[in-house]
Amino acid sequence: MHFTATEGIEVVGRLTAESRYQGGPGVIHGGILTTAFDETQGMACMLLGTAVVTGHLQIDFARPIPLGSVLEFRARIDGMIRRKVYTSSEVRIVEGAAASDEIVATSRGLFLKIKPEHFTPMQEFVDGQPTGLPTFGDSTL
Ligand SMILES: CCCCCCCCCCCCCCCC(=O)SCCNC(=O)CCNC(=O)[C@H](O)C(C)(C)COP(=O)(O)OP(=O)(O)OC[C@H]1O[C@@H](n2cnc3c(N)ncnc32)[C@H](O)[C@@H]1OP(=O)(O)O
């Protein structure tokens, strides 16, 4: 996914529901949608200039999303208390047969600010090369 910062602490990202993302027949898998929300809300947190990890994420799947749809995610920071960053996000189908202004799924997530050394104990278990800290704009999904 590629992300763009908009006004305030908000980001927008797009994802095409490709065939390999199928869950039920003809529709996107809920886990893929959940991952995309995680990525989008994590990217919103990056606007704070600090690393975070997801502590809690809850998704409401409001409508089935047909494969082939282009999805637009919007995420923002709702508030911060100590290391806790509260975020929310919603997604619409912006291209494809089911495109409309209707929100098809929503998400709320709690992210925790961490220090980079959070990942140090895990590095020796990585299968392959760790990719390092991400920069704002692109994620691996
Ligand atoms: C270095 C760069 C990294 C990446 C930079 C961003 C990159 C962006 C790019 C794209 C975006 C990617 C986005 C994907 C991001 C993942 O997918 S990360 C992978 C999935 N998440 C994890 O692996 C996290 C695993 N869990 C943990 O490591 C630890 O549980 C945590 C989350 C760090 C918290 O542990 P801790 O630091 O010991 O925190 P702790 O002191 O217990 O609690 C602090 C506060 O948080 C609250 N809290 C903690 N956990 C929870 C919870 N689950 N529910 C509710 N409250 C909680 C506590 O109650 C406490 O509250 P207060 O007392 O302050 O009121």
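**Sheet, helix and ligand shell**

In this predicted model, V53 sits across from L112 of strand 6. The two strands involved, strand 3 and strand 6 (residues 103-113), run antiparallel to one another and are held in register over nine bridges. Zooming out, the sheet is an open one built from six strands, with antiparallel pairing and the order 1-2-4-5-6-3. Strand 1 (2-5) and strand 3 (52-61) take the edge positions; each has a single partner strand, so one side of each goes without a neighbour in the sheet. Going from one strand to the next, the twist averages 25°.

Helix 1 (residues 30-46) packs on this sheet. Its contacts take in strand 1, strand 2 (10-16), strand 3, strand 4 (70-81), strand 5 (84-95) and strand 6. Relative to strand 3, the direction of helix 1 is turned by about 135°.

Some of these elements turn up again around the ligand: helix 1, strand 3 and strand 6 each give at least two residues to its shell. There are 22 residues around the ligand, and the ones that come nearest are G42, A51, V53, G55 and H56. V53, the residue opposite L112, is thus back in the picture as one of those nearest the ligand. By character, the shell splits into 12 nonpolar, five polar and five charged residues.

As for annotation, an unreviewed UniProt entry lists residues 26-96 under "domain: Thioesterase". In the model, that span is 48% strand and 24% helix, and its end C-alpha atoms are 13 Å apart.

Methods
Residues are numbered from 1 along each chain as its sequence is written. This is a predicted model: local features need pLDDT of at least 70, side-chain atom pairs count only at pLDDT 80 or more; totals for chains, interfaces and linings use all residues. Two strands pair if DSSP finds at least two bridges between them. Helices (H or I, at least four residues) and strands (E, at least two) are DSSP runs, numbered from the N terminus. Axes are lines fitted to C-alpha atoms, for helices over the stretch in contact, and angles run from 0 to 180 degrees between N-to-C directions. Two residues are in contact if their C-beta atoms, placed from the backbone, lie within 7 Å. A residue is near a molecule or strand if its C-beta atom, placed from the backbone, lies within 6 Å of it. Ala, Val, Leu, Ile, Met, Phe, Trp, Tyr, Cys and Pro count as nonpolar, Asp, Glu, Lys and Arg as charged, and the others, Gly among them, as polar. UniProt positions are given in the numbering used here, feature names are shortened, and annotations may be inferred rather than shown by experiment.
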